[in-house]
Structures are given as C-alpha cells and as structure tokens.
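Colleague: I'd like a close look at one part of this model. Pick a charged residue, tell me how it sits, and then work outwards from there.

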Amino acid sequence: MVPTTTTTSSSETLQNSSISVADKKTSQQNGDNNNQKLRVSAQREAAIPMGDYNGAEYIGINEVPSPRANNSNKVSLLPLIFLIFYEVSGGPFGVEDTVQAAGPLFALLGFLIFPLIWSVPEALITAEMGTMFPENGGYVVWVSSALGPYWGFQQGWMKWLSGVIDNALYPVMFLDYLKSAIPALGGGLPRIVAVLALTVVLTYMNYRGLTIVGWVAVSLGILSMLPFVVMGLISIPKIRPERWLVADVHSIDWNLYLNTLFWNLNYWDSISTLAGEVRNPKKTLPKALFYAVLLVVLSYLFPLLIGTGAVPLERELWTDGYFSDIAKILGGVWLRFWLQGAAAVSNMGMFVAEMSSDSFQLLGMAERGMLPEFFAKRSRHGTPILGIIFSASGVLLLSWLSFQEIVAAENFLYCFGMILEFIAFVWLRIKYPNAPRPFKIPGGIIGAILLCVPPAILIGVVLAFSTIKIMIVSLAAVAIGMVLQPCIKLIERKRWLKFSTSSDLPDITAHGPLIR
C-alpha cells in the first residue's frame, strides 16, 4: 500500500497527491477551471515511500484501478471457499498415515489441536495481509514491502517450489487409490502414461480460466465427500467409541506424524496469490477463509471417527489409500469403488487449485518486475500461460518421488517461507500500525507477535525431525534461490530480457526496503 497526500501548498506537492473522485465531480460541477487543471496534472502520481507517513493518508492496493476489473470473470465467495479447501485439504485422502504413525487417539487429537496452533493463525494472517495487499503477488508482495525485493523473491521461489512439489503428490495419490482396482497402475509404463495424461488434462483445465476452476472445485468438493456421508450412516451400528482412545506414546513415529499433520493443514496463504482475481476481496477473502477452516477440520475428523471407530485397529494397514479398504469392509465393493472415484475426483480438485495458485504467483511476480515480462502474459481466458507451463513441468519432473519424500521436502521449504511471512507480518504491524487494514486481527503489536509464537515453535519442531537427506536437498534448493535472484537482476541490467512493473500497482519499494 502507498501513502498519498492531498496537500495543496505547491504544484509539486499536487503532482504527488491523490485526488478523490468525489473532489473531481465537485470541481466539475462548480466550473472551477483552475482547480480542474491542477487535478488533471495531479493524476501523474509519484510513489511515496511507506516510511514517509507525515500525516499522509494511506490507500489500499485494492483502491488502484485494475485493467482486469470485469467482475463477471472474478471469483465469488462459494468457489473461493472450495479453492481454499482444495489448496489446503481436498478431503481426508492422505490423513491415514497419522493413524499408522501415532494411533487413533493422537490422530484425532492432532486434527483438533493442530488447527488451533497452525491453521487458524495462518488463516488470520492471510486474511489481514491478503486484504491489505489484494493482488496476485500475494505473500511475495507482503515480504517485499517489509524486507525488500531480494527477500520477496526468495519467498516467491521457496513458496512456488514447495507448491509445485505439493502438486506432484496428486497424480501419485490418484494412482495409489486406483491401483487396487487397476493393478497395472502400480508401476512401470502404464503408471508413467497415466501421470502424463492426468497432468495434461488438468493443466488444460487451468488454462481455460479461474472461474471455471472455481466452480469445478465446488462440484468436485461435493462429489468427493458424499461417499463419506454414506459410509458414516452405514457405520453407526458398528462404532465402538473405546477404539478412539487407543494410544501408545512409545511407538509414535513423530517424523511421519508431524509431517502428515503439517501437510494436511497448511497452505492457507496460497489463496493470497489469487487475491487479484477475487470479487471484492476486502469482504470475500476473510469470509472464505473462515468457512474453509471449518470445512477442512470437519472433512478430516468425520472420516477418521468412522474409520477408527467402526473397524478393528491394524495400524500397519493405515497408509495412503486405506479408506477405500474401510469402505469395502463397511459397505462392500460398491462403496469401495465409489470412494476410489471420490479420491480421484479430490486429487483432481487439489491439482487444479494448487496449479492456479502457483501459476498466478509467477504472474504476480512478473507484474512486480521480479520475473521477465513474458511471465505476465495471459491467455484469452485470462490465465497465465507460462506460469501454467512451468508449474506443470515441475509436477512431471517430481512425480517419480514417493509420497513421504514429497511431503517432507515440501514441508521443509514451506517452513522457510512461513518464517519470512511471520517476520513481514509483525514488522508491518510495528512500522505502520495506522495503515488501513480492511481485516485486522485484534490485539495490537503484542497480539500479532503472540499469534506467531505457536506456529513458529511448530516450524522448529518440524524442521528438527527432518531427515538429513531432505534437509540437504531442501537447503540446496534455498541456495539456488539466493543465487538465482542476482542472476535475474543481471539479466535485467544487461537488457537480455524485458522486465516491467505494472502501472496499475503502487510502487511499494520505490525507495528501498523498509529494513536496511
């Protein structure tokens, strides 16, 4: 956001000011020709650094006219809820490992307590920062506005890479659920062809437009949860509540347990990279995040209560795809096939939602001049062409990894990105406490710091349980980003590629980073 002033002490000051639409109309009605000339010249605004407040009025980014202001093509509340749902969850497919790692009691407690420690703080921060900076750069813009463009680029690199790694999971999970019905999909050439075909089809869906993706997410969300409702009704006579209390602290696989919980309950901030495509983001984004948190938690707890309460416990069987076996035990082959179809549908929804976020992030970075201009090019459907191609290519390159390896690698990178987000959130609260925030978390600066403490501790725990292999690979990826940004700046200085900053976005770093 950019502070502007309406002081009229000199023509130079007027040229750096923002004149309201109401003032223009009043001037025209009164026929004040001198003021009209001044106001016309005042439209050539110069950015004022965020640090130079001096009584100036702050205006939000959302108040800057957008070249894509056609609301008919923007995402409304319901599709936005399900886009968040799929970027974070997509249903209970993939939570089975928590039972294998820690048993029923700790699995259920994890999905009750973990959202309070991690999901709610992340969603609240996303609501505040996303409405403060409602543009497609999302968290990249948050970090850039506080720490400067170098760290903004690092944030973008780590978050995009973790998002692409995350998206590589969904073809893997899709085929894991189908391989019990179609054994040929378990490996070899049929699996490779299936991954390629699935990626191409879903990538094309992203190309066709975010509005389509949003309503597809709504339809897929309903279809993917229906079999669990039926399974819940069938399981009622077989539920044994004492099975929920089974626990053995000494046999917990903390690495698998924490990584699975973390993966299933993060990525709330991903929706911020689509904020520029949301209809009335000031009101829509906070509401969507609130309803999505409720939807995600219920979509995990309900199936886990069914699976652990209605079927005798065999922890070693609780792995990716086990819910389809539970469906067969409770309802027969027909319910198993239905749930496998729902799993496939869910993975399709997660894929298209995550790819939308990743590709629009690259577009937002290009609009901020952090990437070459061609990344900002849109298709006739309004979608970022190169962002989609790059994201799809990353998915194909990483889809050969195992489920556990993918989860651990993306979690490690994601943790680094979240640390930068927390720092940016607190620093902007300290430096600019009076900047308008359409949605503001109560509690002042102390409240903002305290909100970040539990998730920051959790990040430390998750990183501490990472394996040496994952740590080395992830740190190498971070190092690549640190070298990549200076290389891109060199390309810009040499004019080997064209870079530009969108004129429709305020220049938040015109006078350098806020932290020097």
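Modeller: Let's start with Glu-373, which counts as partly exposed because its relative accessibility is 29%. This is a predicted model, by the way. The side chain of Glu-373 meets that of Lys-498 in a salt bridge, with 3.7 Å from N to O. The two come from distant parts of the chain, 125 residues apart: Glu-373 is in the loop between α14 and α15, and Lys-498 is in the segment after α18. Lys-498 has a relative accessible area of 57%, so it counts as exposed.

Thr-501 is also in that segment after α18. At 47% relative accessible area, Thr-501 is partly exposed. Beyond its sequence neighbours within four places, Thr-501 is in contact with Glu-367, Arg-368 and Gly-369. Its C-alpha atom is 9.7 Å from that of Leu-371, although their positions lie 130 residues apart along the chain.

The pair we began with is one of nine salt bridges in the structure. Take Glu-277 and Arg-378, whose side chains meet at 3.0 Å, N to O. Here too the partners are far apart in sequence, by 101 residues, with Glu-277 in the loop between α11 and α12 (281-310) and Arg-378 in the loop between α14 (333-367) and α15 (385-398). Both Glu-277 and Arg-378 are buried.

Then there's Arg-437 with Glu-128, a salt bridge of 3.1 Å from N to O. This one spans 309 residues, from helix α5 for Glu-128 to the loop between α16 (403-431) and α17 for Arg-437. Both Arg-437 and Glu-128 are buried. They also belong to a network of salt bridges together with Arg-429.

Moving on to the nonpolar interior, the largest nonpolar core has 145 residues, and those touching the most other members are Ile-84, Trp-118, Met-231, Trp-268, Phe-323 and Phe-425. Trp-268 has a long list of contacts beyond its sequence neighbours, including Ile-84, Leu-289, Val-296 and Tyr-414, as well as Glu-122.

Val-296 comes up again as a contact of Ser-89, along with Ser-299, Tyr-300 and Met-350. Ser-89 is in the loop between α4 (77-88) and α5 (96-132), and it counts as buried because its relative accessibility is 2%. A polar atom of the Ser-89 side chain lies 2.9 Å from the backbone nitrogen of Gly-91.

Helix α11 is mostly covered, with nine of its 11 residues buried. Tyr-257 is one of the buried ones, at 6% relative accessibility. Away from its sequence neighbours, Tyr-257 is in contact with Thr-98, Ala-101, Ala-102, Phe-106, Ala-107 and Gly-110.

Not everything nonpolar is tucked away, though. A surface patch of about 920 Å² of accessible area includes Val-249, Trp-254, Ile-445 and Phe-465, and helix α17 (residues 444-464) supplies its largest share, seven residues.

Stepping back, the chain comes to 18 helices and two strands, and 55% of its 516 residues count as buried. Of the contacts between residues at least 6 apart in sequence, 85% join residues at least 24 apart.

How values were computed: Residues numbered from 1 in each chain as written. Predicted model: local features only at pLDDT ≥ 70, side-chain atom pairs only at ≥ 80, totals over all residues. Heavy atoms only, no water. Helix = DSSP H or I, 4+ residues; strand = E, 2+ residues; numbered from the N terminus. Buried < 20%, exposed > 50% of the residue type's maximum accessible area, 1.4 Å probe, protein only. Polar contact = N/O pair within 3.5 Å; in protein donor to acceptor, adjacent residues only side chain to side chain. Contact = heavy atoms within 4.5 Å. Patch = residues over 30% accessible without salt bridge, like charges linked within 9 Å, V, L, I, M, F, W, Y side chains within 5 Å. Areas by Shrake-Rupley, 256 points an atom, 1.4 Å probe, with all protein chains shown as cover. Salt bridge = Lys/Arg side-chain N within 4 Å of Asp/Glu carboxyl O. Core = buried A, V, L, I, M, F, W, Y, C linked by side-chain atoms within 4.5 Å.
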